[in-house]
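Here is a short tour for anyone who likes to get to know a protein before going to the bench. Have a look at the chain first, and then we can walk through it together.

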Amino acid sequence: KTNLLTLADGNKMPQEGFGLYKVDGQDTMTNAVRQAYKDGYRLFDTAQLYGNEGQVGAAFEQLGIPRQDYFLTTKVSEANQGYDSAINSVKESLRKLRTDYVDLLLVHWPIQRAFFDTWRALEDMKKEGLTKSIGVSNYQIIHLQYLATKAHEMPVVDQIELHPRLTQTPMLAFNQAHHIVTQAWSPLGRGAVLQIPEIQEIAKRHGKSTAQVILRWHLQRGVSFIPKSVHAERITQNADIYDFELSSNEMNQINALNTFSRTGREPELTYEENRQY
Ligand code: A2P
């Protein structure tokens with residue numbers, strides 16, 4: 001059911017995934033993964049920072065889902081930047097996830113310390129087979145341009161905060177031009193965009209929920225998106241977006257809701273080296 005996107009390195013990635021941020025507790029985790037898998041989600045997104053990689057690994061083991069049947073993302077936390085620390089931390093992540101590879105490994109935040117060493121570690125981990133693809137998270141244009149000055153391989157995914165109050169149109173255009181897939185975290189703005197009257201009106205017209213309309217907007221924009229829920233009916237609802245279409249008028253209406261509002265923090269842009277970019 002879920003669309004597959006082809007990444008710049010030739011690997012395929014499901015367009016819709018399941019976000020595991022703040023999914024906590026083994027029973028909650030196992031129930032959420034079971035429901036999501038049943039509903040057709042095949043991408044599962046965790047991070048070292050979420051502190052739940054062990055629960056994710058245990059859930060897939062308990063459910064007996066073969067490793068090749070799901071796409072797994074994790075992220076190197078800020079604390080683990082640096083060549084050796086990044087590699088050691090990913091080996092630890094793989095132990096917790098009970099697997100010998102992830103499908104996608106991301107640098108969680110752009111930070112100045114060990115900026116290039118960390119990326120070189122990811123390039124090498126891809127060569128070693130610890131991950132199939134490498135990418136970044138929370139990178140703005142300036143960070144990608146800076147990375148491009150020394151990278152041997154560029155990220156194939158940039159996962160950023162993106163929802164109707166933070167539409168990220170310039171970032172999307174930049175990523176498209178550079179064959180980087182944009183992936184939306186908090187695609188529902190952590191729930192804060194579900195009450196927007198314009199979206200409620202569109203939802204009513206299609207007989208869908210506001211969450212479904214927003215996820216459909218992501219889908220039609222060609223971005224990848226990873227909604228999170230720990231409620232079975234919402235997990236199911238968020239995967240049920242393939243039987244209606246938003247008109248270009250409706251797409252534009254949602255694009256116009258941008259207020260540059262972040263639920264998370266602003267990626268820092270203060271690198272000395274960045275001044276020229
Ligand atoms: P919950 O896990 O309690 O269901 P995002 O993915 O943008 O971070 O948003 C996730 C937030 O939105 C969570 O708080 C989640 O709560 C809630 N949520 C997810 N799907 C839906 C939905 N279909 N309807 C209402 N709230 C939802």
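## Around the ligand

Let's begin with the company the ligand keeps: its shell is made up of six nonpolar, nine polar and three charged residues. Keep in mind that this is a predicted model. Of the 18 residues around the ligand, the ones that come nearest are S186, L188, G191, A211 and S229.

Which helix gives the most to the shell around the ligand? That is helix α9, spanning residues 232-239, with three residues.

## H108, the annotated residue

H108 carries a "binding site" annotation in UniProt, taken from an unreviewed entry. To find H108, look in the loop between β6 (102-107) and α4 (115-128).

Is H108 buried or exposed? There are 22 other C-beta atoms within 10 Å of H108, and the cut-off for a buried residue is 20 or more, so H108 is buried. Leaving aside neighbours within four places in sequence, the contacts of H108 are A47, L49, K75, V76, S77, E78 and S137.

## Strands to look at

V76, one of those contacts of H108, also has a partner in β6, where V76 stands opposite V107. The two strands involved are β5 (residues 71-76) and β6, which run parallel and are joined by four bridges. Strand β6 is mostly covered, with six of its six residues buried.

A second parallel pair is formed by β7 (residues 131-137) and β8, joined by two bridges. Here V136 stands opposite D158 in β8. Strand β8 (residues 157-161) is also mostly covered, as five of its five residues are buried.

## The nonpolar core

In soluble globular proteins, nonpolar side chains tend to be buried together. In this model, the largest nonpolar core has 66 residues, and F44, L105, L122 and I214 have the most contacts inside it. Helix α8 (residues 210-221) gives the most to this core, with six residues.

What does F44 touch, if residues up to four places away in sequence are not counted? The list for F44 is G17, F18, L20, V33, V56, Y70 and L72.

## Two unusual backbone angles

Most residues other than glycine have a negative phi. R98 is not a glycine, yet has a positive phi of about 55°. R98 lies in the loop between α3 (83-97) and β6. With 15 other C-beta atoms within 10 Å, R98 is partly exposed.

F260 is not a glycine either, and its phi is positive too, at about 55°. F260 sits in the segment after α10 (248-255). Only 12 or fewer C-beta atoms are allowed for an exposed residue, and F260 has 8 others within 10 Å, so F260 is exposed.

## P267 and the segment after α10

P267 is also found in the segment after α10. With 17 other C-beta atoms within 10 Å, P267 counts as partly exposed. Beyond its neighbours within four places in sequence, P267 is in contact with W109, P110, N138 and Q140.

How far from P267 is T2, 265 residues apart along the chain? The C-alpha atoms of P267 and T2 are separated by 30 Å.

Definitions and conventions
Residues are numbered from 1 along each chain as its sequence is written. This is a predicted model: local features need pLDDT of at least 70, side-chain atom pairs count only at pLDDT 80 or more; totals for chains, interfaces and linings use all residues. A residue is near a molecule or strand if its C-beta atom, placed from the backbone, lies within 6 Å of it. Ala, Val, Leu, Ile, Met, Phe, Trp, Tyr, Cys and Pro count as nonpolar, Asp, Glu, Lys and Arg as charged, and the others, Gly among them, as polar. UniProt positions are given in the numbering used here, feature names are shortened, and annotations may be inferred rather than shown by experiment. Two residues are in contact if their C-beta atoms, placed from the backbone, lie within 7 Å. A nonpolar core is a set of buried Ala, Val, Leu, Ile, Met, Phe, Trp, Tyr and Cys residues joined through C-beta atoms within 7 Å. Two strands pair if DSSP finds at least two bridges between them.
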